[in-house]
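User: Could you take a close look at one helix for me? I'd like to know how it sits against the rest of the fold.

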Amino acid sequence: MPATGFVSQDPVAEKTEHGDLLFANYGTTEMLYTGGCAVIVLGILIVASHICAKKKLLWFKNKSKLPTAASEPHLAFYHRKPTTAVKAVKNPTGSHYLKKSPSPTGSKTPVGDGSISPTGSEKTSRHSPTISPTCEQKTVQPPTHTLSVVHENETDNKLSSKNNQPQNETGPNDTPGKMGVLFFKLRYKKDKKVLLVNINKCMDLTPKEKNSGTSDPYVKLQLLPDKEHKVKTRVLRKTRNPVYDEDFTFFGIQTNKLQSMTLHFAILSFDRYSRDSLIGEVFFTLNEKDVLESIEKEQISIQKDIILRSVKQSQIANRGELLVSLCWQPATRRVTVVVLKARNLPKMDLTGLADPFVKINFLVDGTRISKKRTHMKKRTLNPVYNESFVFDLPSTVVDLHNVCIEFCVFDHDRVTKNEIIGRVLMGHPDNPSVTAERHWKEVMNAPRRQIADWHKLVV
């Protein structure tokens, strides 16, 4: 080929002096650029893989250092405890309030555990992060008497081995009138004005379920006579020997007030579909000198028999009187009822007072068509209400001949069922009360007049 100024770009294979082929250059710049890009991408992938591996290794190391309930048993935060419904209520004077402290044995699973308190709508109070070193559970021998005080530094291996034996869950209670035994602990810190109450356990509770022969027990606690605060334990299912071991802390308890206080324990059986059944109660007063001196020095363990309420309705002779006023308006077929006041009501509480309120049932032909109630008056035996209520008769009723009004006076109880003090029945043909019969006739014969009278409360 003749030599020209044009250089061909076509690849040409040449032979060397040794006979080897040298391939033509396919574009040196393009090959260098492609190789450089590949090296950069590979380097980026290597660096990213290294960073990911390092972060993953660091995450595994940090995870292995986290404390657990087994490695750090002293940390109460990692104890898995069932939730207890406790409502923290402040005193209007600002001197008292309560807080539930965590139990030192929260990692243990008590007998019959696994359920939640029946009132889940209540707010849960703040938990204290500290644990008292004296709150250690000790095994106490079942009682043969009403009250015994056992100091924490006293131990008995024989009693411990005896109580660790399995107990009969369905056996009847041996002692008549005794509903079981309650074990609790007390400690008073005078410098901090704090009362610590530990509800430990119950034994040999009377069963409330006839089929299984067991109960679903829980314990309510309130301080008398103020009734400002109340706390409760969790519910333990299907057991007659529940173990709670729950601590409750009451702040702002003065020493002079401590002597007049009474601990009221109510042991109830939870019922999902109706009102909880009362198993029994325990009242423990703090006015004894030995008890006050002991709880100020150290935590003491106490056991008391659970009994039914000692005040029986049949033992109350004088139930008091109720003043009511009635007015019959024929034009509008309306009856106006005014509950004025009551006097000389019986003592229903341990403090010698009552928390009465009045419930009114309006009946036509023996059927209740309406009901009303007054406000509750706290800690009084002579409440004053002055509350007015209006009841409309059905369109088919033109007079008061088939109308009956029932007044029921109740004592309000925050822990157990409200107790009835007495009742007054007006308009009933078989009413034995002469005063109620005379009052009813005056109301019928004098329409549009407000007529008042006193009535004795009867069962």
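Analyst: Here is a walk along one helix, with a short stop at a strand beside it. Keep in mind that this is a predicted model.

Let's start with the length of α5. The helix runs over residues 434-445, which is 12 residues, and at 1.5 Å a residue it should span 16 Å. Its end C-alpha atoms sit 17 Å apart, so the expected and modelled spans agree.

Now for its sides. Ala 436, His 439, Trp 440 and Val 443 are the buried residues to look at in α5. They cover an arc of only 100° around the axis, so they fall on the same side of the helix. That fits the usual geometry: an α-helix has 3.6 residues a turn, so residues three or four places apart point the same way. Turned away from this buried side is a face with the exposed residues Val 434 and Asn 445.

What do the buried residues of α5 pack against? Four strands: β13 (321-329), β18 (403-411), β19 (419-426) and β20 (451-456).

At the N-terminal end, Ser 433 acts as the cap of α5, with a side-chain oxygen 3.3 Å from the backbone nitrogen of Ala 436.

One of those strands, β18, holds Asp 411. With a relative accessibility of 1%, Asp 411 is well under the 20% cut-off, so this residue counts as buried. Leaving out residues up to four places away in sequence, Asp 411 touches Met 348, Asp 349, Ala 354, Asp 355, Pro 356, Asn 418, Glu 419 and Ile 421.

Terms used:
Residues numbered from 1 in each chain as written. Predicted model: local features only at pLDDT ≥ 70, side-chain atom pairs only at ≥ 80, totals over all residues. Heavy atoms only, no water. Helix = DSSP H or I, 4+ residues; strand = E, 2+ residues; numbered from the N terminus. Expected span 1.5 Å × (residues − 1). Buried < 20%, exposed > 50% of the residue type's maximum accessible area, 1.4 Å probe, protein only. Arc of directions from axis to C-beta. Contact = heavy atoms within 4.5 Å. Polar contact = N/O pair within 3.5 Å; in protein donor to acceptor, adjacent residues only side chain to side chain.
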